[in-house]
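Me: Can you walk me through this one? I keep meeting labels and I'd like to know what earns each of them.

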Amino acid sequence: MPGNLLRRLAVATTQGDLNMYRTVGVCNRVYSVGLFGQLNRCFSYSAVDMASKDGELRVFIVAGEVSGDAIGARLMASLKNLSPFPTRFAGVGGVMMSKQGLKSIFPMEDIAIMGIWELLPHLHKFRVCLKHTVKAAELFQPHVVVTIDSKGFSFRLLKQLRVRYAQQGLVGPPQFHYVAPSFWAWKGGEKRLRGLAEFVDHVLCILPFEEEVCKVNGLPATFVGHPTLEDVLELKLERNDATEWEVLGNAKKFRSEYGISSGSTVVTLLPGSRLQEVTRMLSVFSSTMEILKSSFTKLTAVIHVAPNRNVEDYIRKVVDEWSIPVVLIPGEISRVKYDAFAASRVALCTSGTVALELQLARLPCVVAYRAHLLTELFIRYKAKITHISLPNILLDSSVIPEALFTACTPSKLATLLMDLINNQACREEQIAAAKKVIELLHPVKRLEYINSGSPLFSYTPSSIAAHTVLHTQRIV
């Protein structure tokens with residue numbers, strides 16, 4: 001049993017008993033250099049090492065929002081593909097992770113909360129969910145724990161698990177966090193990385209500059225590439241070359257299936273995946289479309305609905321009152337999503353992962369964002385970046401128009417959208433920038449993966465992440 005195994009490791013660590021380590025049979029002896037040059041005896045083990053004792057791999061995995069659910073589902077598929085042992089999962093996730101075999105402890109929507117002041121009304125539920133998750137993890141006895149984004153919930157979970165194992169005299173399983181916290185966006189953010197090493201053994205980074213900064217601050221990390229790039233592979237579309245990725249949807253098919261005439265101007269709307277942001281942003285988007293409709297003979301809005309039951313119910317109720325034709329499509333079905341992008345002239349989106357999906361589709365867009373007033377004031381005070389959308393951050397430019405906070409008004413958004421619809425130079429500038437962004441987000445193929453002893457796999461973000469989770473050694 002992993003509990004007995006971990007207890008033996010803990011005792012061996014305390015007593016320095018080399019023979020005990022050898023009998024455990026899963027640890028590697030290593031040495032570290034102490035403060036005064038002395039050699040300290042250490043031992044390391046990986047998730048695969050732990051799983052070898054039980055003949056199966058148990059992964060406790062937690063995602064707290066729709067984008068994390070998509071990342072988690074891909075990671076789970078890659079883990080099943082690469083693990084030398086049968087794999088079982090437990091934890092928290094959504095629709096996509098359930099398709100990979102996860103039975104969520106509770107609905108993922110219960111912890112899909114973003115913001116500081118926005119969390120306060122849900123604080124009790126948040127704490128109850130955290131308590132249940134910690135208990136479930138202990139009962140599952142995982143060989144590895146993986147949390148995905150949602151740092152507010154994830155870091156509390158990992159910290160409590162590390163404390164619980166220590167209280168029981170156990171050396172816990174390796175703990176990974178997928179999607180580094182946006183330390184680069186906040187004043188003093190890098191300094192806070194050092195504290196994470198106490199309960200995060202390894203970070204799976206999705207941006208190219210994050211790995212080195214994490215390592216400099218004592219936090220092991222690996223750049224695995226951005227998971228959005230896998231949309232291309234899932235749709236079985238070929239890369240144009242070694243660095244350029246593009247998704248070409250079927251506009252004609254989409255218009256035909258949803259009864260949209262060829263003469264109608266289609267605007268894609270992506271209001272978000274959390275109920276709190278959708279309720280805030282969709283009313284702004286609705287008023288924006290009211291302004292736009294006077295400029296077009298035919299105008300159709302296509303709303304991408306996140307796989308969140310609360311969001312789905314809200315959107316269906318609200319759009320009944322819209323004065324323009326509205327098409328609702330499931331946001332989790334990649335083929336439909338990219339067909340809709342291909343049929344659209346422009347997109348209006350809430351800041352988030354969708355901005356990168358639009359880059360893959362080469363669809364010009366405007367990024368919008370509103371939050372609770374006090375959250376906005378906090379962001380203004382603490383943020384050290386001038387842009388909010390990832391493409392602009394990566395390129396350090398304003399190539400994608402942004403309307404943020406008090407500037408996020410229907411009239412402002414309508415003006416920006418009209419410019420993108422009518423100004424071909426602006427459209428081409430965004431399309432050219434998209435190629436640069438996607439190139440930055442693809443991981444460099446690393447030689448250490450080739451002779452790793454694992455089955456051959458494509459260099460996708462999820463497969464690199466899975467390989468890292470399986471084989472990275474935790475040193476104790």
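Me: Is the crossing of α12 and α13 left-handed or right-handed?
Reply: Right-handed. The label goes by the turn of the near helix from the far one, by less than a right angle: anticlockwise would be left-handed, clockwise is right-handed. Before we go on, this is a predicted model, where local features need pLDDT of at least 70, side-chain atom pairs count only at pLDDT 80 or more, and totals for chains, interfaces and linings use all residues. Residues are numbered from 1 along each chain as its sequence is written, and side-chain values use heavy atoms, leaving out hydrogens and water.

Me: What makes α12 roughly parallel to α13?
Reply: Helix α12 (residues 275-292) and helix α13 (residues 309-318) pack at about 20°, with axes 9 Å apart. Axes are lines fitted to C-alpha atoms, for helices over the stretch in contact, and angles run from 0 to 180 degrees between N-to-C directions. Under 35 degrees counts as roughly parallel, over 145 as roughly antiparallel, 65 to 115 as roughly perpendicular and the rest as oblique. So α12 comes out roughly parallel to α13.

Me: Which residues make that contact?
Reply: From α12 you have L275, V278, T279 and L282, and from α13 N310, V311, Y314, I315 and V318. Contact here means heavy atoms within 4.5 Å. By class they divide into seven nonpolar, two polar and no charged.

Me: Why is α4 called oblique to α21?
Reply: Those two helices pack at about 60°, with axes 8 Å apart. That angle falls in none of the named ranges, so α4 counts as oblique to α21. Their crossing is right-handed. On the α4 side, R74, L75, S78, L79 and L82 meet S462, S463, A465, A466, H467, V469 and L470 of α21. The contact has seven nonpolar, four polar and one charged residues.

Me: How do you know how enclosed helix α21 is?
Reply: Count its buried residues, where buried means under 20% relative accessible area, exposed over 50% and partly exposed in between (1.4 Å probe, protein chains only). Ten of the eleven residues in α21 (residues 461-471) are buried, so the rest of the structure largely encloses this helix. Among them are P461, I464 and T468.

Me: Is T375 buried or exposed?
Reply: T375, in helix α16 (residues 373-382), has 4% relative accessibility, so T375 counts as buried.

Me: And what is R88 called on that scale?
Reply: R88 sits in strand β4 (residues 87-92). Its 41% lands between the two cut-offs, so R88 is partly exposed. Leaving out residues up to four places away in sequence, R88 touches E56, L57, R58, V59 and F140.

Me: What makes a set of residues a nonpolar core?
Reply: They must be buried Ala, Val, Leu, Ile, Met, Phe, Trp, Tyr and Cys residues joined through side-chain atoms within 4.5 Å. In the largest such core, with 97 residues, I61, V146 and Y178 touch the most other members. Helix α4 (residues 66-82) gives this core its largest share, eight residues. A second, separate core has 31 residues, including V319 and L413.

Me: How much of the protein is buried?
Reply: Buried residues make up 56% of the 476. The protein has 21 helices and 15 strands, which are DSSP runs (H or I, at least four residues, for helices; E, at least two, for strands) numbered from the N terminus.

Definitions and conventions
Ala, Val, Leu, Ile, Met, Phe, Trp, Tyr, Cys and Pro count as nonpolar, Asp, Glu, Lys and Arg as charged, and the others, Gly among them, as polar.
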